[in-house]
Amino acid sequence: MILEPLRLGPLTLRNRVLRSSVGGRWDNYDGSGTEVRINWDVKFARAGVGAIISSNSPVHSRGAILPGYALIDSDERIPFWRELGRRVHEHGCPYILQINHAGRERVLPGLTYPKGLSSTDDPEPLNGFPCEAMTVEQIQEVVAMFAAGARRAREAGLDAVEVAGANGMMQTQFLSSAINDREDEYGGSLENRARFGLEVVRAMREAVGPDFCLGYKISIEERLDELLPWHKRGNTVEESIQMCRWLEEAGVDYLHVSAGAGFPHPRNPAGSFPAAEMVKTYDTLLSSGRHTLRNYVTFRTWPLNRGFAWWWQRVGKRLGIEGINLASSRAVKQAVSVPVLCTGGFQTASVISGAIERGDCDGVTIARPFVANPDLVRHFEAGRDRAPRPCTYCNKCLFNFVENPLGCYEEARYDSREEMLAEILSVYEPAAA
Amino acid sequence: MTDSAVFRPLRFRNLEVKNRVFRSSISGRFDNYDGSGTEVRLRWDLKFARGGVGAIISSNTPVHMRGLIVPNYAHLDADDKIPFWRELGKRSREYDCKYLAQIAYSGRQRDIPGITYEKGLSSTDKSEPIHGLPCERATVEQIHEIVGYFAQAARRAREAELDGIEIHGCNGYLITQFLSPAINDREDEYGGSLENRARLAVEIVQAIRREVGEDFHVQFKLTGVDHHDALFPWWGKGTTIEDSIQVGRWLEEAGVDGFHISSGSAFPHPRNPAGGFPIADTIRSYDTMLSSGKNTFRNYLMFRTPPLNKVFKWAWERSAKRDGIEGINLAEARRFKEAVTVPVICAGGFQTHSVIARAIDDGSVDGVSIGRPLIANPDLVNMFAAGHDRAPRPCTYCNKCLINFIENPLGCYEESRFDSRAEMVREILSVYEPDPVVATPA
């Protein structure tokens, strides 16, 4: 099942294993793309993934999670994405542009906008990133930015566009009952909270026409309380499923299931909390939010860091990491008729094919295990159930990317530290012409 | 105005520069993490070539991955880096601007060590004292390897058809760590007497000369005086001007074609770059360095906490207040120049045409190098040529450029110099634009 084609509306993928959105600060500070990003994505295209979902590409510089990601905020960006698409297509791999607006979820705000925009004035709860509530006019502007971003993706010759509506990004900040505290038509009832996300989808559909693949990533289990026990829990699964139905009506071609109304979240990426790596890179965030110094001291202080790691890891231990979102995905599939992709630690062929055969999902998206083994599909093709050196879910990749090149930082997976470094730095080869 | 000393060509043994203004080494994290160069660096440097400087001294260019200060500076550590530098030199010469690669090795003074080498190499195994950046004492064998890295980097600069090299021998980086009696605590042939402490510098020059021959420009950037005690009077004084002069004589004998005089046994140092200590910008940017050293968290808390940050600011700024900023190193450069026969240029806050012309005319120096004022006004030399004594919006020596570069693109962050914050941000980000607007004298 894994290696069979998958139809997502007008788009057909060569197999059911997609590279999920996984970033890396490869680009210029101003959001112009570089050859390094192309090298990064081509690595996976060459290794046979079913499709690539780009790293999140902000529709506006105020919506960037941090500087160093290629934007899709103006027509000037189109040639870069066209070139990237062309180079990925050379390997027979479709390219899905994931577009986002981070809202208040901004790890490093950069120079231009000290404050993010959101549904609310309340800062992001884990790090305390500041934001201000949008006016209705600003909301309409952001809706138009998504539509323009989608149009640019199509003009660039890419194959699809996906809304990064999950993981605490702007759409989550509206949809989530734990975050949205508005009293206007964009807050309150589920219908009102869903309005922004649905308006975005309708505007994008209008911009790209009926024959262009449009997807939506959504967190089904929000569970903000799993990380911050004093925090509201967020939407129920039933509420999220209702949103999926509405999204289908609004014209999405597929849904992409994730978890957590913030990022990172113990369910996404589920796994370890590498305190030592965290101390090395989280420092960069200290000026970003009002809780960051508290967090930093927690991460560097024994036994507080042990306590935090235990708290973080208990969720993955309880639910299991590989396929952690399959129950959510099954619930979505039962409610909608469009294809459903599911993310969450997948790296075992039998687990993936079991999920597809049971009807839990139609395909899977993979981030960390692909960072560890970009050629994972080749292993599956050769009949292996897993890569010989699988991803350990250590999450060191995730916590390094802020300061260091994205890559697998699990030394245990390599013969030596030198080999690990050479592998990480290989993304810079060949150098830009 | 063009008959002023500033616009007289400066002749070195192997190099002629069209005027007396060098863009000093100012870096910016514009390149790839692995040390490969990018278009952005090219645009950054060409800004100054277009603005009229006679020569560009490149950003700090590590001769080896372990010798970097922070990641994302272009290296000269392998032959596959040569094409990038060739292109940079070629494009710079299109503006009749000479290009010198500043080849460097950080030693223990590494702001962000990066993923490859956790510890720097130094003359000593004592951590760098301000941030507590860790290091280990280089063995004699490792010292010889480093000498070889410098020689190979110089060869690559020549193969890239650059106009020369500058050996970064000052501001607290590796060569200072050997030269300075306040840092070097070795008991072998590389420590102890001045001759021993100067051995690394002399060997680097000799090795480079063997590699590039006699007809390639080799200049040496040297600290005139360490002022090691500038911040904490109970620290040793370090290298004196008398010692530096003796080192300069030895280096000249070894084949140096020119000197570039700066100040301080560390970087940053209250005398280099002399000027303000921008507390708010420091808090925003210094956080990235917390994992770099054992004193950084202490420092960070101090920078955040009044009145400790005010006290530090006072201690930092008092040298510059006492001695003035523009031309702060002139007296030391003059003494140095009297003792050597090759040309001497000098760094330190220059941005006034008449001040520079006077320094040349009275024999203090043969030319000047400029860092911050050119960040503020890349076309400063064109302004001089057009008759301005100073730029209409001069550099304020606020040092915000310096502290921002760790997290943000290098540029002028002094909002008061711009009509608006938006204009400032646009100017900073213009380095990423493929077709930069030609700067014109205001």
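**Figure 1. B:His227, a buried loop residue.** In this predicted model, B:His227 has a relative accessible area of 19%, under the 20% limit, so it counts as buried. You'll find B:His227 in the loop between β9 and α7 (241-254) of chain B. Its backbone is worth a look too: phi is near 45°, a positive value in a residue that isn't glycine.

**Figure 2. B:Tyr397, another loop residue with positive phi.** Here phi is near 60°, again positive in a residue other than glycine. B:Tyr397 sits in chain B, in the loop between α14 (380-385) and α15 (400-404). With a relative accessibility of 10%, B:Tyr397 counts as buried.

**Figure 3. The closed barrel of chain B.** Eight strands make up this barrel, and they pair in parallel. Follow them round in the order β3-β4-β5-β8-β9-β10-β11-β12. From one strand to the next, the twist averages 25°.

**Figure 4. Strands β8, β9 and β10 of chain B, side by side.** Strand β8 (residues 164-169) runs parallel to strand β9 (residues 217-223), and six bridges join them. Look for B:Ile167, which has B:Phe220 of β9(B) opposite. Moving on, β9(B) also pairs with β10(B), in the parallel sense and over five bridges. In that pairing, B:Lys221 has B:His260 of β10(B) as its bridge partner.

**Figure 5. Strand β10 of chain B, covered on both faces.** Five of the five residues in this strand (residues 258-262) are buried, so β10(B) is largely enclosed by the rest of the structure. One side carries B:Gly258, B:His260 and B:Ser262, while B:Phe259 and B:Ile261 are on the other.

**Figure 6. Two helices packed against the strands of chain B.** Helix α1 (residues 39-50) lies across β3 (21-23), β4 (55-62) and β5 (98-104), and runs at about 150° to β4(B). Helix α6 (residues 199-212) packs on the sheet as well, where it touches β5, β8 and β9 of chain B. The direction of α6 makes about 170° with that of β9(B).

**Figure 7. B:Ile103 and the largest nonpolar core.** This core has 262 residues, and B:Ile103 and B:Ile167 are the ones with the most contacts inside it. Helix α5 (residues 190-208) of chain A gives the most to the core, with nine residues. Leaving aside residues up to four places away in sequence, B:Ile103 touches a group of residues including B:Val63, B:Leu76, B:Phe150, B:Ile165, B:Ile167 and B:Ile208. There's also a second, separate core of twelve residues, with A:Leu8, A:Leu11, A:Leu18 and A:Leu341 among them.

**Figure 8. Where chain A meets chain B.** The contact takes 28 residues from chain A and 29 residues from chain B. About 2,500 Å² is buried between the two chains, and carbon and sulfur atoms give 62% of that area. How many salt bridges cross the interface of chain B and chain A? The rule finds zero.

**Figure 9. Two cis peptide bonds in chain B.** One joins B:Phe267 and B:Pro268, with omega about -10°. B:Pro268 belongs to the loop between β10 and α8 (279-286) of chain B. The other cis bond goes from B:Pro306 to B:Pro307, with omega near 0°. B:Pro307 is in the loop between α9 (296-304) and α10 (308-323) of chain B.

Definitions and conventions
Residues numbered from 1 in each chain as written. Chains lettered and ligands numbered in written order. Predicted model: local features only at pLDDT ≥ 70, side-chain atom pairs only at ≥ 80, totals over all residues. Heavy atoms only, no water. Core = buried A, V, L, I, M, F, W, Y, C linked by side-chain atoms within 4.5 Å. Buried < 20%, exposed > 50% of the residue type's maximum accessible area, 1.4 Å probe, protein only. Helix = DSSP H or I, 4+ residues; strand = E, 2+ residues; numbered from the N terminus. Contact = heavy atoms within 4.5 Å. Pairing = 2+ DSSP bridges. Axes fitted to C-alpha atoms, helices over the stretch in contact; angles between N-to-C directions. Buried area = accessible area lost by both parts, 1.4 Å probe. Salt bridge = Lys/Arg side-chain N within 4 Å of Asp/Glu carboxyl O.
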